[in-house]
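This report describes how the parts of a multi-chain model fit together. Please look over the sequence and the structure before reading on.

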Amino acid sequence: MNETVLLLAAAIASGTPLVLAGLGLLINEKSGVLNLGAEGMMLVAAVAGFATALGTGSEILALGAGAAAGAVAAAAFGVLVIGLNANQYAAGLALSIFGAGLSAFVGIGYVGKKLEGPAAPLAGSIGHWLGELPLVGPLLFRQHPVVWLSLALTLLVAWLLYRTRAGLVLRAVGESPESAHALGYPVRTIRFAAVVTGGALCGVAGACLSVVYAPMWVEGLVAGRGWIALALTTFATWRPGRVLVGAWLFGGVTLLQFHLQAQGVAIASQLLAMLPYLATIVVLALISRNPAWIRANMPASLGRPFHAG
Amino acid sequence: MPRLQLEGITRHYPGVKANDGIDLTVAAGEIHAVLGENGAGKSTLMKIIHGSVRPDAGTVRWNGEAVQLASPAMAQALGISMVYQHFSLFETLSVAENVWLGLPRGESLASVARRIEAMGASYDLAVDPRRPLHALSVGERQRVEIIRALLGAPKLLILDEPTSVLAPQAIEGLFATLRRLASEGCSILYVSHKLDEIRALCDRCTVLRGGRVTGEVVPARETPGSLSRLMIGTEPPPLTRIAVQPGPVALSVHALSLPDETVHGTALDQVSLALRTGEILGIAGVSGNGQQALLACLSGERVIGPGGDRAAVRLFGNPVGGLGPRERRALGLHFVPEERLGRGAVPALGLDRNTLLTRTEGIGRVGQLKPRAMHALAARLIERFDVRAGGPGSAASSLSGGNLQKFIVGREIDAEPKVLVVAQPTWGVDVGAAAVIRAELLALRARGAAVLVVSEDLDELFLLCDRLQVIARGRLSPARPISETSPAQVGEWMSGLWPGAGNEGAAVATADGTR
Amino acid sequence: MRAGFLPRFEPRGQPSLALSIASPVIALLLTALLAAVLFVALGKDPWRGLSVFFIEPLSGWRPASEVLLKATPLVLCALGLSLCYRSNIWNVGAEGQFLLGAIAAGGMALWLGGPQGALGGLAAGDGPLAALAGRPLQLPLVLLAGVAGGAAWAAITALLRDRCNANEILVSLMLVYVAQQLLSYLVFGPWKDPKGFNFPQTPTFDPSTWLPPLMAGTRLHWGFVLALIAVPLFWFALFRSWRGFQLDVSGQAPAAARYAGFSARRALWTALLVSGGMAGLAGAMEVAGPLRQLTPHVSTGYGFTAIIVAFVGRLHPVGILLAGILLSMMLIGGEYAQSRLGLPGALTGVFQGSMLFMLLACDTLVRSRVRWPWARRLAP
């Protein structure tokens, strides 16, 4: 029992970067823009975050630096795709390739450097008491605050999307930019804002990986999580709550390989390392089998450029 | 002081002057028609007034003051609302949310829902604010658009071809609503190319041709002929129909039912028809009543699966329900789709390569392309069907709607099909091109081919067809010879109310004439 | 509400050949400019830096042969990708297909090379095909195995897209990671050279399976000639064949393809199998050519670089040949930058990514008229 709880807690911790990135991409995609550059944004942000943490010792500043780096990368993508009407797929791929190159280039000096691991989130006797609570203690109160941030963000995004006018406008732009434009909404500005927001959240996710989760930098640290986060929005049929649960599941799958290895299961580590990617493929195939399920929730203009009259 | 005054409005697009020095004046409480055929520049002008397109030159005055309409939001703030021909609505949102998005900030959704119901009651525009938009018929959607425009308390309401989606009875209802609005002081700009509607509804009328104003008249004092002369410069050329004795059944559909394929489309319910050689059979109906599914089943774009009744569609007696478009074309069935760019032709490719979509002249024996052969074919089509294009290599997207339609229809007619299925043959096409296309369809019939025309334009169907059927909610009415029916009766049938239509419940549900 | 601050772009009409060549050239110049700025920022002489990337790789036959060597897999992969992208099928997993080609070819080479015994029981006797006189089939079999491996890997993507409607971008990309792990598993595990001092690598293949060099003293092999032959073949397939036309239409206008009766499924399978096969062939030639064994580092990201090659080459075979040589120069330039300037080799990745960025931006700028929202307000 106790071990299961600890495993669950670890799954949540490992899934948290995916929650953050997934929510960012969800906002991004709800506006009708598909940003395949998630992996690149996360890589750049991971380096930026790691460098900041190393320089300042502040995790908050590090996550902020990650957000800023992600937002800048996303803004470049936004200028290309929204400003210049470039192909969204190609521009996203360009961002992913560029981000991989830039992060490797900038990060070369940080390989092998060590951060002090994150401190216990809740100090003092109350914190200790909360952490010792059964179930919620390890699942919640002994987690890094970034986990709390991801929970709060999930609620916030769900509330914004489905309970506010701003969310309604965002969904409307994603469904039919032409109609939204005709009604007088600044479609391109809204899309740009959504892209930059998405980039910032992917950035926090990237920094979270290098500063909190790993905590270290190696080339290609993100290891496909950007792409998994993209797949996650589809699995979740663009619903914030499902993004959260899906991300935790994937966090669990990622952990499974370490867990199995620790248990001494005689499967080569490389084969176990395939698990998250294979799981992504399998889930994607299963979810996509029902086109009505996808189509009813997918932003109708996703991936289509919008040409203002 | 006029409410709206345009002076010398000019707007260029690459290669065309869509508006060229247009003057237009609308008084308060006036219903003002803007008449012109397709491509005359009406839509561009309305977009300028609504702020979504900016003019290259000219002044817009609102209540006497010159204004720069930089965006639709700005126009809306002045009190200018527009009901587009293509609705600005969102399928996944509710009626109330759709309306809410069109109103200024600050009002709650619940209050908007209440006002929708109140407005519906007082203007005879009833629609349930809680329903999701995708569950609404085209006519109901138009109501949502109009309600949204009216809730903004507009001083000027622009309607772009509003009757193209309505059955005749619903048109009367719309006119009553518009007259009532005008009597309350709202000015109305009514954009149309339908002469009788303008004569019935409008106080004054500005006529456009080729981007210029050709006249400003009081429509009630004009005849259809005089309006038509202003609009197209001449009277429409008469069509010659020769009597042809219909032959055996060429294409038949028997009790075909199909489930819904898309999320928001209409399926087919026990549809039957029999098309003979030497005749033109028309399918009338308001768009969105199953035409797409029927056409896809006839063309082969939608193949009936092995589990379905593949014999439900027959070509000269042979079941063809399981065959694709190429196989059906090989058997002599050709099809002209409604969408020209992107379906009937590939926009970025030249006309020569576009012949390859349905013709085999340009394909060699080992699967290589023969550029000279397709060039020659395209040149022949350009010549024979009077297509105005730069040459056989011109991209399809560079042609005007009418010329591209002549090319596509020509491409299919030139193949000498035994059966030709045509959707909306002259939709959005200028009068000259429409005349060429209609004459060619009649000539094909005279050569003994069977022609099926699916159109929303009743005038056109009565001009072309030997017999008519009506499609409503995925069901097809019995066929009637043209001589034994009338536009009024067909209009009534467009609501699904034909003898033996059965299912009283359905009839009641559609009695408002919008389905 | 404001009128918006972003400029509008209106198409200039039909895109011409000159325009479509102009934007890669401008993108290249802009990338070079960015590189120069970067060199200055890093405290290096910008001219020296640029010459390392764009001149030194071509100075002399030896470095040039290396450029052509690396251009070979890029061109082969990109030709296949151009077919996909023209059909609007977004295969971004050429890297994985390349690796599977390398794995399959490597497996075949090890199997055929029998007596070295790396495959244990499989390699009993003197190699199953040794009976065939002079072993002329060895190399073709190795290359075919590569084609089959790449095509099979792409077929997974095609199958899942066809049957389950799964997004091909994500599936093909996930399969890259799976392929990397698979290769790593094989060279660390069952295929590891028992005499290799525990290095993660297979034994060296039997010389009968090697791709012979084109010229003595260089590593450039006959694969480059194959790539040169593939260029006109792809040109014909894309622009002068009925099948190519069908792919083009299904990419540009799916509704028109349905109307014409061109099968979307066939386009999907054709494009993915061909591009997977091409990437697999490239992988096979990489291991049968310069490497002659499998290691975890068979590819240096050829499959991803090939995406850039395909776009910079305008999805046109001739353009792809030129772009392949250009991007290969940048790969070699990255190595030189490391050895001669002491800069990280990852610089290449930065330049590659920014080049694609610039290209996409130039495409719009070159092909459209820019309308700035404030220009009208200033005009009288």
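In this predicted model, the C-alpha centres of domain 1 and domain 2 of chain B lie 32 Å apart. Domain 1 of chain B covers residues 4-232, and domain 2 of chain B covers residues 249-493. Where they touch, domain 1 of chain B contributes 14 residues and domain 2 of chain B contributes 12 residues.

The area buried between domain 1 and domain 2 of chain B is about 1,000 Å², and carbon and sulfur atoms give 57% of this area. On the side of domain 1 of chain B, the residues that lose the most area to domain 2 are Glu37(B), Asn38(B) and Gln169(B), which together make up 34% of what that side buries. No salt bridge is found across the interface of these two domains of chain B; the count is 0. There are, however, 2 residue pairs in polar contact between domain 1 and domain 2 of chain B, with both residues at pLDDT 80 or more. Sorted by class, the side of domain 1 of chain B that touches domain 2 has 6 nonpolar, 6 polar and 2 charged residues.

Chain B as a whole has 17 helices and 21 strands. Its radius of gyration is 24 Å, close to the 24 Å that the globule rule gives for 515 residues, so chain B is as compact as a globular protein of that length. Along the principal axes, the C-alpha atoms of chain B fill a box of roughly 70 × 55 × 45 Å.

Chain A has 15 helices and 0 strands. A compact globule of 309 residues would have a radius of gyration near 19 Å, and the 19 Å of chain A agrees with this. The box filled by the C-alpha atoms of chain A is roughly 60 × 45 × 40 Å, taken along the principal axes.

Chain C touches both of these chains. The table sets out the area buried in each of the two interfaces.

| Interface | Buried area | Share on carbon and sulfur atoms |
|---|---|---|
| Chain C and chain A | about 4,100 Å² | 82% |
| Chain C and chain B | about 2,600 Å² | 55% |

Consider the contact with chain A. It takes 46 residues from chain C and 47 residues from chain A. In chain C, Leu170(C), Met174(C) and Phe357(C) lose the most area to chain A, and together they account for 16% of what that side buries. The rule finds 0 salt bridges across the interface of chain C and chain A. It finds 5 residue pairs in polar contact there, both residues being at pLDDT 80 or more.

Which elements give two or more residues to the side of chain C that touches chain A? They are β1 (8-11), α5 (138-164), α6 (168-188), α11 (302-312) and α13 (347-367) of chain C. The one that gives the most is α6(C), with 13 residues. By class, this side of chain C has 36 nonpolar, 9 polar and 1 charged residues.

The contact with chain B involves 28 residues of chain C and 35 residues of chain B. Of the area that chain C buries against chain B, Trp242(C), Phe245(C) and Tyr259(C) supply 31%, more than any other three residues. The count of salt bridges between chain C and chain B is 0. Polar contacts across the interface of chain C and chain B come to 9 residue pairs, with both residues at pLDDT 80 or more.

On the side of chain C that touches chain B, at least two residues each come from β1, α7 (223-239), α8 (242-252), α9 (254-260) and α14 (373-378) of chain C. Here α8(C) gives the most, with 6 residues. How many nonpolar, polar and charged residues does the side of chain C that touches chain B have? It has 15 nonpolar, 5 polar and 8 charged residues.

Key
Residues are numbered from 1 along each chain as its sequence is written. Chains are lettered from A and ligands numbered from 1 in the order in which they are written. This is a predicted model: local features need pLDDT of at least 70, side-chain atom pairs count only at pLDDT 80 or more; totals for chains, interfaces and linings use all residues. Side-chain values use heavy atoms; hydrogens and water are left out. Contact means heavy atoms within 4.5 Å. Buried area is the accessible area (1.4 Å probe) that two parts lose on being put together, summed over both. A salt bridge is a side-chain nitrogen of Lys or Arg within 4 Å of a carboxyl oxygen of Asp or Glu. A polar contact is a pair of N or O atoms within 3.5 Å; within protein, one must be able to donate a hydrogen and the other to accept it, and residues adjacent in sequence count only if both atoms are side-chain atoms. Helices (H or I, at least four residues) and strands (E, at least two) are DSSP runs, numbered from the N terminus. Ala, Val, Leu, Ile, Met, Phe, Trp, Tyr, Cys and Pro count as nonpolar, Asp, Glu, Lys and Arg as charged, and the others, Gly among them, as polar. Domain bounds come from an automatic or database domain assignment. The radius of gyration is taken over C-alpha atoms; the globule rule is 2.2 Å times the number of residues to the power 0.38.
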